[in-house]
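Reader: I'd like to go through this one with you, starting with what sits inside and then moving to where the chains meet. Could you take it slowly?

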Amino acid sequence: MVDGMYEHKIAIRNVISNKKNTMFSVIAVALAIGIIIIFMGLISGFAAELTDSITDNSPHIRVSPSENNDFIHLYQHHLDTINGIDGVSSTSLILREAATLEKRNKGVSTTITGIVPEQEIRTMGIDDDLIAGDFYTLDHRRNSIVISTGLANELNVEMGDRITMAIGEDRSIDLEVVGLVLSGSNLAYVHLDFIQDYFGHKGKVSTISVVLDDIYAADEIAAEIERETELEATSWIEDHSDLFDLLAIQNIVAWIFYILIYVVAGFGIANVLLTMVMEKKKEIGMLMAMGATRKSIVKIFFIEATFLGIVGLILGCIIALVGIHLLGLIEIEIPIDEVYADVATVPLDPQLIHFLYAGGFAMVVNVIASIVPARQASKLDPVEAIEDDT
Amino acid sequence: MPSENKIVEIKNLSKVYGNGVEVYALNSIDLNITKGEFMAIVGPSGSGKSTLLHIIGILDTPTSGTILIDGENVSDMSDDQRATVRNKKLGFVFQYHHLLPDFTALENVMMPMFIAGVEKKEAKERATQLLSDVGLHDRMEHRPNELSGGQCQRVAVARALANNPDILIGDELTGNLDSKSSRMVYDILRRLNEKYKQTFIIVTHDDALAERTDRIVRIIDGKIVS
Ligand SMILES: Nc1ncnc2c1ncn2[C@@H]1O[C@H](COP(=O)(O)OP(=O)(O)OP(=O)(O)O)[C@@H](O)[C@H]1O
Ligand SMILES: [Mg+2]
C-alpha cells in the first residue's frame with residue numbers, strides 16, 4: 001500500500017472489520033459471476049454441439065442442379081472446377097432415387113443413395129458408425145447394399161441377407177446386405193455406378209457434397225461455386241438458418257438474464273454500502289472535520305466497492321470452475337434405436353472470454369452500485385453527522 | 001494594529017436558522033481571540049455555544065458578518081480549501097470521541113497526519129509523543145473498544161493536536177466523563193497549552209473547570225454578555 005494513501009487504509013480496514021455486512025455483497029457478486037460463467041459455458045457448449053452435429057452429418061456445402069434441372073450434368077467438369085477453389089478440402093458425388101425395399105411381406109419406401117464409397121467416407125465419414133461389413137464391398141460386389149440398423153430391424157434382415165429393391169409395380173432387383181450402419185433412421189447406400197445404370201441416369205448426379213477447411217467460410221465459398229458453375233450451392237449455415245436464428249434469440253434471452261442477475265447483485269452491493277454509510281456517519285463526519293475532502297470520502301467508498309468486487313470476482317470464478325467440473329460429471333443416456341444408446345455429457349464449452357466478460361461486467365456493476373452510496377457519504381454535513389444522536 | 005496576535009477575529013457575526021420563524025443562534029457577535037489563549041465558552045443550553053464553535057472550526061458558515069482565522073477570511077474559501085485549513089490549523093474534540101473503531105489509538109492519532117500527507121515514520125514519531133503527553137504511552141496499540149471513555153477522549157485530544165494546529169476546539173469534551181476523568185483531561189489540556197502554546201477554545205457546562213481557564217466568554221440567547 002502506498003504511504004499517504006489513507007483512503008486505501010480506511011477502506012480496506014473497514015471492509016475487513018465488517019465481514020458480516022460485506023459478506024452478503026461479496027456472495028451476491030460471486031454467485032452472479034459464477035452463474036453467468038456457467039451459463040455462458042452451457043450456451044456456447046450447446047451451440048458448438050449443434051454445429052458439430054450439423055457439420056458431421058451433412059456437407060458444408062450442398063451443390064444441387066441449377067433451376068429447372070433435375071440433375072447435374074457433366075459433373076466431372078464441375079467437380080474439377082469446385083476442387084480448384086481455395087478452401088475446398090474434398091468433394092463427393094451423390095445420386096438419390098426413391099425406391100421400396102422389401103423382404104418377405106414387409107416393405108419400406110425410402111431414398112436410395114448412390115455413392116462412391118471412397119469419396120463419401122473421406123467427405124462425410126459415413127463409416128464412423130459402421131458396425132458390420134464394409135462400404136468398399138459396394139465397389140467390387142455387384143448388387144450390394146449397405147443399410148442402417150433401423151431399416152434392418154424394420155425389415156428383419158441381417159448381414160448377408162438379400163433384400164429386394166423395387167421401383168413401381170414391375171421392376172425389381174435383389175441386393176445383398178454387405179454393411180450395417182448404426183442409426184435409427186432409414187438409410188440405404190448403393191454404388192453410384194449401379195444406381196446410374198439401374199435408373200438410366202448415366203453421367204448425372206443429384207448432389208455434389210463439398211467439405212471445407214474452414215466451416216465458417218461456407219457462405220463465401222458457396223457464392224463462389226455458384227458464380228463459377230452456375231449450379232445452386234447451399235452452405236450448411238444457410239441450410240440451417242432457422243436454427244441459427246433461434247440461437248441468436250437464445251443469446252439475447254441469455255443476455256437479458258445476465259443483466260437481471262447483475263441488477264440484483266448491484267442492488268445487493270448498493271444496499272451494503274448504504275448501510276455502511278448510515279452506520280459510519282459519525283466517523284465520516286469526523287474524517288471531514290479532520291480535513292478529509294469530499295473527494296476523499298467518495299474515493300474511500302469506491303475503493304471499498306472495488307475491493308468487495310475483486311473478492312467476489314475471485315470467489316465467483318472458483319464457483320464457476322467447481323460448477324463446470326460438477327456439470328461435466330453428469331452423464332445422459334441418449335437412445336439411438338431400441339437396441340443401442342449413446343452416453344453423452346452436458347455440452348459445456350468454458351472459455352477464458354466468459355470469465356473476462358463476467359468479471360468485467362461485475363466491476364462495472366460494482367462501480368455503478370457504489371455511485372449513490374459514495375455521493376450520499378460525501379454530501380453529509382459534518383456538523384449534522386457528528387451531532388447526530390441516533 | 002496588533003492583529004498579528006489575534007488568531008480569531010469575529011465582527012458583527014450572526015447565524016440565523018429558520019424556515020418561517022427565524023431563530024438567531026448567534027446575534028451580532030464581536031469576538032477576538034489571542035494566540036495561545038485558553039478560553040472557555042459558557043452559557044445555558046441553546047444559547048449558541050456549539051454554533052459559535054462550529055463557525056470558528058469552519059464546519060459551518062455564518063449568515064452574516066465576517067470571521068478571520070489567522071488573518072484569512074474563511075467564508076470565501078472553496079470546500080477543499082476549508083478542508084485543508086481544518087486539517088492544518090484546527091483540531092477538534094467533541095463530546096463523543098468518534099475515534100475510528102477499526103484503528104488503534106496510535107493509528108487514530110496518525111490519521112490527520114496521513115490526511116495531510118505526512119510520512120509514516122514522522123507521523124508515528126509525533127503520534128507516539130502526543131500519546132505520551134496525554135499519558136497513554138502504554139495504550140498505543142489498543143483499539144477504542146479496549147479503552148475507557150476517559151482514555152478515548154485523551155486519544156481524541158492527542159489526535160486533535162496531531163498536525164500542530166493553531167486552534168484546538170473542544171465542545172463539551174468532558175461531558176460524558178465522570179468528574180475524576182474530566183479533571184484529568186483538563187489537567188492535561190492545561191499542561192499541553194503551556195507546553196505547545198496553542199489556542200484552546202472549550203465549551204463547558206462545568207463552572208469549576210471554566211474557572212481554571214485564562215478567559216471566560218459567556219453567551220446568552222446568541223449574544224456575548226461578558
Ligand atoms: N441545524 C439547526 N437548525 C435549526 N436550528 C438550530 C440548528 N442548530 C442549532 N439550532 C438552534 O440554534 C440555537 C443554538 O444552538 P446551539 O447548539 O449552538 O446551542 P448550545 O449553546 O450549544 O446548546 P447546548 O448547551 O444544549 O449544546 C438553538 O436554539 C438551536 O435550537
Ligand atoms: Mg452545544
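Author: Contact here means heavy atoms within 4.5 Å, and please keep in mind that this is a predicted model.

Reader: ok, so which residues is B:Ile56 in contact with, leaving aside its neighbours within four places in sequence?

Author: With those neighbours set aside, B:Ile56 touches B:Val8, B:Ile10, B:Ile33, B:Ile67, B:Ile69, B:Leu90, B:Ile169 and B:Ile201. B:Ile56 is also, together with A:Leu287 and B:Leu131, among the residues with the most contacts inside the largest nonpolar core, which has 121 residues.

Reader: which helix gives the most to this core?

Author: That is helix H10 of chain A, residues 241-279, which contributes 10 residues. There is also a second, separate core of 52 residues, and A:Leu50, A:Ile147, A:Tyr198 and A:Ala217 belong to it.

Reader: switching topic, what area is buried between chain A and chain B?

Author: The buried area comes to about 2,400 Å², with carbon and sulfur atoms giving 64% of it. Of the area that chain A buries against chain B, 26% is supplied by A:Arg13, A:Met286 and A:Met290, more than by any other three residues.

Reader: and how many salt bridges are there between chain A and chain B?

Author: The count is 4 salt bridges, and one pairs A:Arg294 with B:Asp79, where the closest N and O atoms are 2.7 Å apart.

Reader: which elements of chain A give two or more residues to the side that touches chain B?

Author: Those are helix H1 (6-17), helix H11 (281-289), helix H12 (294-329) and helix H14 (382-387) of chain A. By class, that side of chain A has 11 nonpolar, 6 polar and 10 charged residues.

Terms used. Residues numbered from 1 in each chain as written. Chains lettered and ligands numbered in written order. Predicted model: local features only at pLDDT ≥ 70, side-chain atom pairs only at ≥ 80, totals over all residues. Heavy atoms only, no water. Buried area = accessible area lost by both parts, 1.4 Å probe. Salt bridge = Lys/Arg side-chain N within 4 Å of Asp/Glu carboxyl O. Helix = DSSP H or I, 4+ residues; strand = E, 2+ residues; numbered from the N terminus. Nonpolar A, V, L, I, M, F, W, Y, C, P; charged D, E, K, R; others polar. Core = buried A, V, L, I, M, F, W, Y, C linked by side-chain atoms within 4.5 Å. Buried < 20%, exposed > 50% of the residue type's maximum accessible area, 1.4 Å probe, protein only.
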